[in-house]
Amino acid sequence: MSADKQKQLEDAVFFTALNIGELAQRKFFLDQACADNAGLRAAVEALLVAQAGAEHFFTKGRSALRFPADELAAVVNGIKDAPLVDEQLGSQIGPYKLLQRIGEGGCGVVYMAEQERPVRRRVALKVIKLGMDTKNVIARFGAERQALALMDHPNIARVLDAGATETGRPYFVMELVRGVKLTEYCDLNNLDTRQRLNLFIQICHAIQHAHQKGIVHRDIKPSNILVTLHDGVPVPKVIDFGIAKAIEGKLTEQTLFTAYEQLIGTPAYMSPEQAEMSGLDVDTRSDIYSLGVLLYELLTGRTPFDGKELIKSGLDEMRRTLREDEPRRPSNILTTLHGTELKATAEHRHAEAPKLISILKGDLDWIVMKALEKDRQRRYETVNGLAMDVQRYLNQEPVLARPPSRWYRFEKLVRRNQMVFALGTAVAVALILGLGTSTWLFLREKDARREQAWLRGQAEQAQKRENELRQQTEAREKINLAAVYVSQEKYEQAAQLLDEVKTPPPKPSFDGVSAYRSVGEWLAVQGRWREATERYLALMEIDKLDKWGAVTLDYQACGAVLVESGGLAQYERFCRATIDSFITTTNGDAAGRILKTCLLLPVTESRLAQVQPLGVAAEELFLPQDPKTFPGWAAIPASLWRYRQGNYDQAMEECRRGLDEQDKTTARTATLRVILAMACQKNGRLEIARTQLACARSTVEAKFASGVARGDGNLGFWYDWVFARILLREAAALIEPPPELPQAAVK
Amino acid sequence: MLLLVTRKNCHYAETNMSEITMILQAVARGEEKSSEELFGLVYEELRRLAAVRMAGEAAGQTLQPTALVHEAWLQLVGSGERSWQNRAHFFGAAADAMRRILIDKARRKARLKHGGSQARLNVDDLELAESSPDDNVLLINEALEKLAQDDPEQARIVVLKFFGGLTNLEVAETLGLSERSVDRHWACAKARIFSWIRSQ
C-alpha cells in the first residue's frame, strides 16, 4: 500500500474510533477494522493517545497568537532589521570558542573562533541571521558535505563543519581567511585592468575546480572572495562554498517575498534563473553569470544592475529586470558616469578615462556580455571557457565571444517579447510582432517531459551505438562550425557544411539550431527552394525535440518552402504530421499559424474536418479583437478557413474586419485582400474581387521586385510574402481565367 | 490583471480596491504570479494595520489574528464584495501572511528570551509540558512541513485554521470541501502533529 493510502486509512479509522465514546465499543471496532493489520492498529492507537494532549498543545499554541499591537508592529516591521542578538564573545559553540567578531554579511555574523579539538586552530565561524529551520539547513549541508570535503584548491577556503547554536541558529565553520574583499583590494591598490583580469582568472580556476567536484557556489560576489597576500603576491580565496545551497533550500515564493533580502543579500549578482525561483535547477551556469557580474564590477566599478535599485523595485520588477533588461556594455556604462566619478573609477584602474573605455571596448565587452547572457545556454559552457577567453584577451589572441549578429539580435528581440507577452504585458508589442506567446508557454510544459524521455532513451542507447554516436559527434562539429559561419554572415559556407550533414544529430546545440534556421531562410530568400526544403525538414525534426518559443513560425516557413519548391507530396505529409501534433492546442496563435499553413493550397473535405478544432481556436482568438486595431494576422487563418469551407459570407466579413484599407505595404493586408477577392468572386461580387486582387498584386509584386529580405514581424517575414504570393496565384487563376499570371510573380 | 503584473512599483499600501479585486480574479484563474502578489498585499496591509494600531489610542490592546484578518479584508476589499471565491483566496493568503508573522514573532520571542544563554528550542530535551506558547507555535510550524509532504491538503487546513483563525465553514469554502471533512482532517492533523512532536 502506498504511504498515501496508508495515511488515509489511518486517518479514517482514527476518526471513527475517536467518535466512539464508549471504550469497549471502540476496542471492538478497532479489533474489526485492524484485524489483520498490526501496523495500522499501532498507528491508530498512537494517534488516539496523542489526541488528548494535542488539544491542549494546540490551544496553548493558539494563545501565543494573541498579542499586543505594538508587538505585532515590532515583528512585521522588524523582520528586516531586527538587531541580531550577538553570540557572547568567549562563549563556546560546540567545540569552538568565539574570540572576535570579524564581520557581518548579508546572511549572518562572522566570528573568529578557536577550535580546541581534534586540532587546535583558528577558524571562521558564521552564524546565520534568520531563525530558520535549523534542522533542514544542517541536513542540506550534510548532503553536500562529502562533495565539499573533496574540494582542495589553494583559492578555496574549506568549509569544515556546520551545526546549531544554543539559540537554534545554524552556523558554519570555515578555514579562517585573513583578507580583504576582492573589489576593495583592487581599488586600494589601484590595480590596472590586466592585474584585475589575472586575479579573476585565478578565481575562475577555483570555481571550475568546485564545479568539477559537483559543487555550485550559488553566491559568488566580491564579499565572498577575499584577497590575502602570500609573500607579497595577492591570492584570492573563495569563501562560503555550500552555504548558499544549504540556506536557500527550497524557498517558496512566500518566504522569498520577505526573506530574500536577508538570505541572499544583494540580488545584483543573481542570475535570472536564480531570481526566478521557478524550480528550474540552478546549475554551474548560474555561477558563470555571477562571475560575469563580478568581472563587470572589476572592470567598471559598477554591477550591471544596481543592487539597491533591484531590491527597491520589488520582487516582480526585479525578476523582470534580470530576465529582460539588457545591461549596458562595460565600456558603455563608463561613458554614462559623471566626470569626477569616471575619473575616480579610471584612477583606481591606473588609467586615464578615455584609455580605460578603449581598453574595455570590444573583446572585454563581449566576454562580459557572453557570461551575462539571459539564456544560460548562450553563456560560456564552462567557467574554464570563460577563463580561457580572458586569457586569450591577455595574450592578445582573438576571443571566442563575439558581438551578436544583427539577425541574432532580432531573434533575441522576438524571444524577449514573447517573455513579455507570456507575462501578459505588452500585448501591443506582441500584436505588432504577430507572435503568440502562449504558444511558448504551451510548448514549454511539453518540453520538459519530452526532454526527460529523450535523455533516458539516450542513456540506454549510448552503450549500443557507439559508432553512430561518433558520426553524430562529427555532424555536431560540422553544425557548430556552420553556426560560426552564420555568425560571421558567411551563409554560403554554412549552407555547404550543413549540406554535408546527412542526418542531423538529435539536439544540436542552440547555436546549431539557429544555424539551420538562418541557412534555411537565407536559401529561401534566394529562391533556392530544394536546398531550403532540406534544411527546413531537418529543422522540423529538431523542433520536435527541442521546441523553442517561435517554433510555429518554423512550421509556417517550412510549409511555404515546401509548396514553393513544388514538393507537394512532402507538403501533404508535412500537413498531416503537423496537424497531428498541434490538433489539441487551445492556443489561438499556434492554432492560427498551423491552420493557415495547412490551408495554403485547396484542400479535401476530410482535411477540412480534421482542422475544425484549429479553426475554432483561431476564430476565438480573432473575433473578440477590436476591428479598429486591424488584427490582420489573426484574421488570415480565420478567413482562409471559412473560405476553404465554402462559407464565403463569413470569410468576407472576417477579411474586412482585419483589413486596413490604407495599408499598401504589409504582407498581411495583401494576403487578406487576396482571400477577400476569392471570396467575393465566389459570391458573385466580381467587381470587388478584381479591385482587391489588383491591389494585392501590386503590393506583392512591388515587394518581390524590390527584393525580399528576411523581413520583420510588422511588415511581414519573407515567408509571409511567399505565403501571399502562393495565394495570389490561386486567386488570379480563379478570377482571371485563363491563367495568365504575370511572369514576375511566379519566378 | 494584465497590467498589474507590470506595475513598476510595488507600493502595496497604496493599492486601491479595484486592484485587489483584479488580483483576486487573477488568482481565481490560477495565475501563480498573482498569488504571490496577493500575499504581498495582504502582508503589507497587516503590517500597516499594526502600525496604525500602535500609533493610535488602541496601543497595547491585544490583537487576535482572526480579527486582524477580517479587518484587512474590510480595508482592502470592502464590505460590498460578496464573491465567496474571492474571500476564499483572500483568506488563504491572509493565513499564509499570519503564519509568517506569527512564526517571526515566536522566533523573536524565543531569541529574546533565550538571548544566548543555555536555553534552547531543541525538541530533543524539551519538556513539552513546560514549553511556552511560542515554542508550541514553532514546533507546530516545523511539523507542518512534514505533514505537507504526506498530505498537503491536511496541512493547508492546519494553516488556515491555526494561523489564519478561520472557522470550519470558512475553511470548507476556501478549499471546496464539506465542513465535515474539514472537521475530520483537523482532528486527524492535530493528533498526528502532536504525536510526531512528542516522539521526536
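**View 1. Low-confidence stretches of chain B in this predicted model.** Over residues 1–16 of chain B, pLDDT (the predictor's confidence in each residue, from 0 to 100) stays under 50, and the model has 30 contacts beyond four places in sequence for this stretch, two residues being in contact if their C-beta atoms, placed from the backbone, lie within 7 Å. Residues 115–127 of chain B also stay under 50, with 23 such contacts, while chain B has a mean pLDDT of 71, with 63% of its residues at 70 or more. Residues are numbered from 1 along each chain as its sequence is written, and chains are lettered from A in the order in which they are written. In this predicted model, local features need pLDDT of at least 70 and side-chain atom pairs count only at pLDDT 80 or more, whereas totals for chains, interfaces and linings use all residues.

**View 2. The open antiparallel sheet β8-β9-β10 of chain A.** Strands here are DSSP runs of E of at least two residues, numbered from the N terminus, and two of them pair if DSSP finds at least two bridges between them. Because β8 (180–181) and β10 (233–238) of chain A each have a single partner strand, one side of each is left without a neighbour in the sheet. Two bridges join β8(A) to the antiparallel β9(A), residues 225–230, and A:V180 has A:V227 as its bridge partner in β9(A).

**View 3. Surroundings of A:I675 in chain A.** Leaving aside neighbours within four places in sequence, A:I675 is in contact with A:S639, A:L640, A:Y643, A:A651, A:C655 and A:L727.

Terms used. Helix = DSSP H or I, 4+ residues; strand = E, 2+ residues; numbered from the N terminus.
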